[in-house]
Amino acid sequence: MNDTVLLSREDGVAILTINRPDKLNALNSDVLTALEAHIATAVEDRSVRCIVVTGSGPKAFAAGADIAELHTNDAYAGRLFAERGQRVFAALERSAKPVIAAVNGFALGGGCELAMACHMRFASENAKFGQPEINLGIIPGYGGTQRLPRLVGIAKAYELVLGGEMVAAQEAHRIGLVNRVYPQDELLTATVAFASALAAKAPLALTACLEAVQISGDTSLLEGLHAEANLFGRICGTEDFKEGTDAFLAKRSASFTGK
Ligand code: COA
């Protein structure tokens, strides 16, 4: 495996670090290959219960698709290029484990799209978000035109995708793109602490929460409520449900096993 993405583990959390700081962690083909492989490893590893994605160095989470690679695309290659990135990012979004982006600097173009494919985004105060593809004469291709309006609303999404300007972390927080903002030197510790807290919760219930919330974006209220009731019933059949409610009634803390 190439070393453009690093995988480490801490307290039930897998940390994926994009590792091209000299190129502001631009997402080239090697990064997508490594990211895809490490996502699969983290998802399959039973000791991992939550995933954090971040960038190495003090400046960037990821400054976008690698423009040096991108600029050789013709119409056919461009479509494949977009579909590949979309497939890798979908593996994060559809993961059975919660995924948090720790956005430690520029999250532009594909970097912003990668962050948006994660379930939550925690950012450092110096982070900057944007879809600047329009300035290169193209459009977002890794999900930006679809996930951005779902997160911030259509009007703001038009402004960002058409204007191509960056927004700072606090503004990204205000418009709902970012969940939390931390000082730069606290971001990763705080994100991993939150991820570790999730890792201690009932894994099957976490997965069912992810599934239910994802369905809300894809279906009608009626169908969504139906799916929620089905998932609720399924989770009521788990040992962890019994453990969680027994522990509450016995005034002790619960110990979940994932069964
Ligand atoms: N693809 C390829 N290389 C990139 C890159 C990208 N998306 N973003 C940055 N880099 C490279 C630069 O070419 C430079 O490489 P070099 O040192 O070999 O010349 C290095 O990363 C540092 O970037 P630099 O532009 O010198 O840093 P800066 O602090 O002056 O500017 C940015 C930072 C983020 C404003 C600027 O790099 C930028 O605009 N990047 C492109 C963002 C973008 O359009 N993303 C969408 C792509 S579809």
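Why does the sulfur of C236 form no bond with the closest cysteine sulfur, in C209? In this predicted model, the two sulfur atoms lie 12 Å apart, which is too far for a bond. A disulfide is a covalent bond between the sulfur atoms of two cysteines. For a pair to be counted here, the sulfur atoms must be within 2.5 Å. A second cysteine, C118, can be examined in the same manner. Its closest cysteine sulfur belongs to C50 and is 10 Å away, so this distance is also too far for a bond. A search of the whole structure accordingly returns zero disulfides. The surroundings of C118 and C236 may also be described: C118 is buried, with a relative accessibility of 4%, whereas C236 is partly exposed, at 31%.

The residue C236 also leads to a helix, for α10 covers residues 221–236. This helix contains 16 residues, and the distance from its first C-alpha to its last is 22 Å, close to the 22 Å expected at 1.5 Å a residue. Four of its residues, namely G224, A227, L231 and I235, are buried. When the helix is viewed down its axis, these buried residues fall within an arc of 75°, and they therefore line one face of α10. What do the buried residues of α10 pack against? Their partners are α9 (203–216) and α11 (239–249). On the other side of α10, the residues L222, H226 and F232 are exposed.

Attention may now turn to the aromatic rings. The structure holds four aromatic pairs. In one of them, the ring centres of F81 and Y142 are 5.7 Å apart and the ring planes meet at 20°; because planes under 30 degrees apart count as stacked, this pair is stacked. The two residues come from distant parts of the chain, 61 residues apart: F81 belongs to helix α3 (residues 75–93), while Y142 lies in the loop between β8 (128–130) and α5 (144–152). Both F81 and Y142 are buried. Ring pairs also join F81, F89 and Y142 into a cluster.

Another pair consists of F122 and Y182, whose ring centres are 6.0 Å apart and whose planes stand at 55°, so the pair is tilted. Since F122 is located in strand β7 (residues 120–124) and Y182 in strand β10 (residues 180–182), the pair ties together parts that are 60 residues apart in sequence. Both are buried: the relative accessibility of F122 is 1%, and the relative accessible area of Y182 is 16%.

Technical notes: Residues are numbered from 1 along each chain as its sequence is written. This is a predicted model: local features need pLDDT of at least 70, side-chain atom pairs count only at pLDDT 80 or more; totals for chains, interfaces and linings use all residues. Side-chain values use heavy atoms; hydrogens and water are left out. Buried means under 20% relative accessible area, exposed over 50%, partly exposed in between (1.4 Å probe, protein chains only). Rings of Phe, Tyr and Trp (its six-membered ring) pair if their centres lie within 6.5 Å; planes under 30 degrees apart count as stacked, over 60 as edge-to-face and the rest as tilted. The expected span of a helix is 1.5 Å times one less than its number of residues. The arc is that of the directions from the helix axis to the C-beta atoms. Contact means heavy atoms within 4.5 Å.
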